[in-house]
Amino acid sequence: MKKKKMIISSQTMELDVVRKVEALSGTSVRRCFQCGKCSAGCPMATFMEHPPNRIVRLLQLGQWQRILAGRSIWYCASCETCSTRCPNKVHLASIMDALRKLSWDAEGPSKESYVQLANRLFLENIRSYGRQYEMRLAAVFNVKSGQFLKDLMLGPKLISKGKLKMFHQKNRNMAEIEKIFSRIEEMRKKGEAL
Amino acid sequence: MDKTLNYAYYPGCSLHASAGEYDLSTRELFNLLGVGLTEVPDWFCCGATPAHNVDELLSLSLCAKNLELAEQVDGDVAVACAACFSRLKFTQHTLLEDETKRRQVEKAIDAPARLDGKVKHLLEILARDIGLERLASAVSKPLSGVKVACYYGCLLTRPPDVPNLDCVEAPTIMERVVEAAGAETVPWSHRMECCGANFTLSRPGVVIQLSNAILDSAKSSGADCVVVACPLCHGNLDMRQKEIEGVYNAEYGLPVFYITQLLAVACGAGAEKSGLGALMVDPFPLLKVKNIL
């Protein structure tokens, strides 16, 4: 670590980013006093370069770009353990959602691409079919991530057990789902929603 | 048929695909208990974890739409999947607390948000609405001598104030239901830990590591099998068990049942209607040794 004097002010804190995260998550970033209970209970901390409590600290210090560039937020499993145990009622799992949205909207400055790819395919399935289509999810993921052999041995077994359906279920009311997607896009274009 | 007890059933995507045995056994169990279950017409995907991960407004809107669709059926909403349950409860909770988000969601679905309907997980329907006594009296093949590790995972109870299913850190609802069917439950360390959930697609290495710890804990506690109430937990513990055993050079051989499968068997549904054939870790040797099948 470089020894450098640090000045904390509303500018260095980048209060507008903090406020945006607070609006999206409906919880306070500023209330965290770094007790570390969130990281102690986090099952995914071992896979992260910044454990959960440090994510909040970086946010408090205006260093949100470091968070978005890293992979930690994409390794959060949304297990809600942090939010459950926080003594200050900081809903950290929702802060993670808000940070992922910022990263997502900035079109992925993060190194972690597999989790983002899986999310994208999942959402595409909802828009195209109204329900999940697991076969497409797995197949397209393998092709797009270049892991053609991933879980190859599992596939035939799952099919024989009736667990992997060749054909998709489709909702009869697809126009309705498309309207939900497009109304949200419209609201965002007009600046009526984050 | 108990006319007073009918539910608007929201199965969710998994139950119509990889978790077909959860759907089958749920319908069979409710049938044996004489409780009505009517599927919500034209339900949509709730968005699960990927939607709220990157777009909370989309997640809330999809769930609000489903809550609206559920109003077409009489009765409380019955949910089997822990993730769908969590998302529907989160939506009700968030929209009641946050006026801005509620207005945005109502604009997205072009309808008022219906937030006063009761959303219930199958566990609370079994333990509270139907009741443990009625459940116990329907049991014709008690699961005597079967030691069960009840696995809750993340979303059935966490976070506080949202699912309100049971105590957030030390629930007992699943144990009480399983014991009503005559089985024995074991105390163990990992019943509330995360299995790695949807990383099974993007980063299976995560699942292998986390689910190994869960299987290891269940095995060390002396359990014969694990019981779950979530399709993702099931996928990770059952479908990936063989792979986990290979990576960690371990031998678990733990059948993983959906809660409704075990109860359906206890109520005399038989192997086929309980969907036992779909399980990857063979449950038949255990059930035969214990004289249940």
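Colleague: Which helices of chain B each supply at least two residues of the lining of the largest cavity?
Modeller: This is a predicted model. In it, the largest cavity has a lining of 16 residues. Two helices of chain B each give at least two residues to that lining: α4 (82-97) and α10 (231-239).

Colleague: Which domains of chain B does the lining of the largest cavity draw at least three residues from?
Modeller: Residues nearest the centre of this cavity include B:C154, B:A197 and B:L232. The lining draws at least three residues from each of two domains of chain B. They are domain 1 (2-121) and domain 2 (141-289).

Colleague: How many residues of that lining are charged?
Modeller: Cys counts as nonpolar here, and so do Leu and Ala. The lining of the largest cavity holds 13 nonpolar and 3 polar residues. The number of charged residues is none.

Colleague: What is the volume of the second largest cavity?
Modeller: The structure holds 4 cavities of 30 Å³ or more. The largest has a volume of about 160 Å³. For the second largest, the volume is about 130 Å³.

Colleague: Which residues lie closest to the centre of the second largest cavity?
Modeller: This cavity is lined by 15 residues. In chain A, α2 (37-41) and α3 (52-60) each supply at least two residues of the lining. Closest to the centre are A:C32, A:C35, A:C38, A:C86 and A:V90.

Colleague: How many charged residues are in the lining of the second largest cavity?
Modeller: Asp, Glu, Lys and Arg count as charged. The lining has 10 nonpolar and 4 polar residues. The charged count is 1.

Terms used:
Residues are numbered from 1 along each chain as its sequence is written. Chains are lettered from A and ligands numbered from 1 in the order in which they are written. This is a predicted model: local features need pLDDT of at least 70, side-chain atom pairs count only at pLDDT 80 or more; totals for chains, interfaces and linings use all residues. Side-chain values use heavy atoms; hydrogens and water are left out. On a 1 Å grid over the protein atoms alone, a cavity is a set of points where a 1.4 Å probe fits but cannot get out, and a pocket is an open set with protein on both sides within 12 Å along at least five of seven lines; lining residues have an atom within 4 Å of a point. Grid points are joined across faces, edges and corners, and a volume is the space filled by probe spheres set on the points. Helices (H or I, at least four residues) and strands (E, at least two) are DSSP runs, numbered from the N terminus. Domain bounds come from an automatic or database domain assignment.
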